[in-house]
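Work through the exercises below with the sequence and the structure at hand. Each task is followed by its solution.

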Amino acid sequence: QVQLVESGGGLVQAGDSLRLSCVASGRTFSVMGWFRQAPGKEREFVAAILSSSRYTYYADSVKGRFTISRDNAKNTVYLQMNSLKPEDTAVYHCAAKNDIRVPTLNYDYWGQGTQVTVSS
């Protein structure tokens with residue numbers, strides 16, 4: 001059974017950094033990504049990475065501030081978030097799939113999420 005478990009969220013001030021982690025149990029996936037959902041808003045794509053780590057994808061809103069990486073030996077994906085802003089406040093979900101065609105969509109497996117709150 002596949003499980004994705006996120007950790008690393010918390011309450012920080014604007015300008016601070018956080019690193020989220022997500023461990024995938026059961027298997028290695030070709031694509032792993034991060035999404036977020038703020039209160040009253042739809043879930044949105046944040047970042048994705050292919051298994052080779054050669055290809056990464058970012059939402060424009062986080063480009064230059066967030067970095068996605070993965071350790072295939074540990075089945076873990078990370079999201080390093082720097083220069084955090086209040087508008088980054090959301091529940092962050094890890095996701096995984098094997099279809100590499102559209103890294104921003106159509107994920108098969110999801111974690112429960114970890115709360116990130118950025119105060120001004």
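**Exercise 1: His-93**

Task: Leaving aside neighbours within four places in sequence, find which residues His-93 is in contact with, and decide whether His-93 is buried or exposed.

Solution. The model is a predicted one. Step 1: beyond its neighbours within four places in sequence, His-93 is in contact with Glu-6, Gly-33, Trp-34, Phe-35, Trp-110, Gly-111, Gln-112 and Gly-113. Step 2: place the residue; His-93 belongs to strand E9, residues 90-97. Step 3: the relative accessible area of His-93 is 13%. The cut-off for buried is under 20%, so His-93 is buried. Step 4: look for a polar partner; the side chain of His-93 reaches the backbone oxygen of Gly-111 at 3.1 Å.

**Exercise 2: Glu-6**

Task: Determine which backbone nitrogens lie close to polar side-chain atoms of Glu-6, and how far away the nearest side chain of opposite charge is.

Solution. Step 1: Glu-6 is found in strand E1, which covers residues 3-7. Step 2: Glu-6 is buried and has no salt bridge. The nearest side chain of opposite charge is that of Arg-43, 9.1 Å away. A salt bridge needs nitrogen and oxygen within 4 Å. Step 3: turn to the backbone. A polar atom of the Glu-6 side chain lies 2.8 Å from the backbone nitrogen of Cys-94, and the backbone nitrogen of Gly-113 lies 2.9 Å from a polar atom of that side chain. Step 4: residues touched by Glu-6, not counting those up to four places away in sequence, include Cys-22, Trp-34, Tyr-92 and His-93.

**Exercise 3: Gln-115**

Task: Locate Gln-115 in its strand and state which backbone oxygen its side chain reaches.

Solution. Step 1: Gln-115 sits in strand E11, residues 114-119. Step 2: its relative accessibility is 39%, so Gln-115 counts as partly exposed. Step 3: the side chain of Gln-115 reaches the backbone oxygen of Ala-90 at 3.4 Å. Step 4: apart from residues up to four places away in sequence, Gln-115 touches Gly-9, Gly-10, Thr-89, Ala-90 and Val-91. Step 5: compare sequence and space; Gln-115 and Leu-11 are 104 residues apart along the chain, while their C-alpha atoms are separated by 8.2 Å.

**Exercise 4: Salt bridges**

Task: State how many salt bridges a search of the whole structure finds, and describe the pairs Arg-101 with Asp-99 and Glu-44 with Arg-36.

Solution. Step 1: the search finds five salt bridges. Step 2: Glu-44 pairs with Arg-36, with the closest N and O atoms 2.6 Å apart. Glu-44 is partly exposed at 36%, whereas Arg-36 is buried at 5%. Step 3: in the salt bridge between Arg-101 and Asp-99, the closest N and O atoms are 2.7 Å apart. Arg-101 is exposed, with 70% relative accessible area, and Asp-99 is partly exposed, with 32%. Step 4: follow shared partners; Arg-36, Glu-44, Arg-65 and Asp-88 are joined into one network.

**Exercise 5: The whole chain**

Task: Say how many helices and strands the protein has, and test its radius of gyration against that of a compact globule.

Solution. Step 1: the protein has zero helices and 11 strands. Step 2: a compact globule of 120 residues would have a radius of gyration near 14 Å, and the protein has 13 Å, so the two agree. Step 3: the C-alpha trace spans about 40 × 25 × 25 Å along its principal axes. Step 4: of the 120 residues, 41% count as buried. Step 5: among contacts with a separation of 6 or more, 56% are between residues 24 or more positions apart.

Notes
Residues numbered from 1 in each chain as written. Predicted model: local features only at pLDDT ≥ 70, side-chain atom pairs only at ≥ 80, totals over all residues. Heavy atoms only, no water. Helix = DSSP H or I, 4+ residues; strand = E, 2+ residues; numbered from the N terminus. Buried < 20%, exposed > 50% of the residue type's maximum accessible area, 1.4 Å probe, protein only. Contact = heavy atoms within 4.5 Å. Polar contact = N/O pair within 3.5 Å; in protein donor to acceptor, adjacent residues only side chain to side chain. Lys, Arg positive; Asp, Glu negative; His and termini not counted. Rg over C-alpha atoms; globule rule 2.2 N^0.38 Å.
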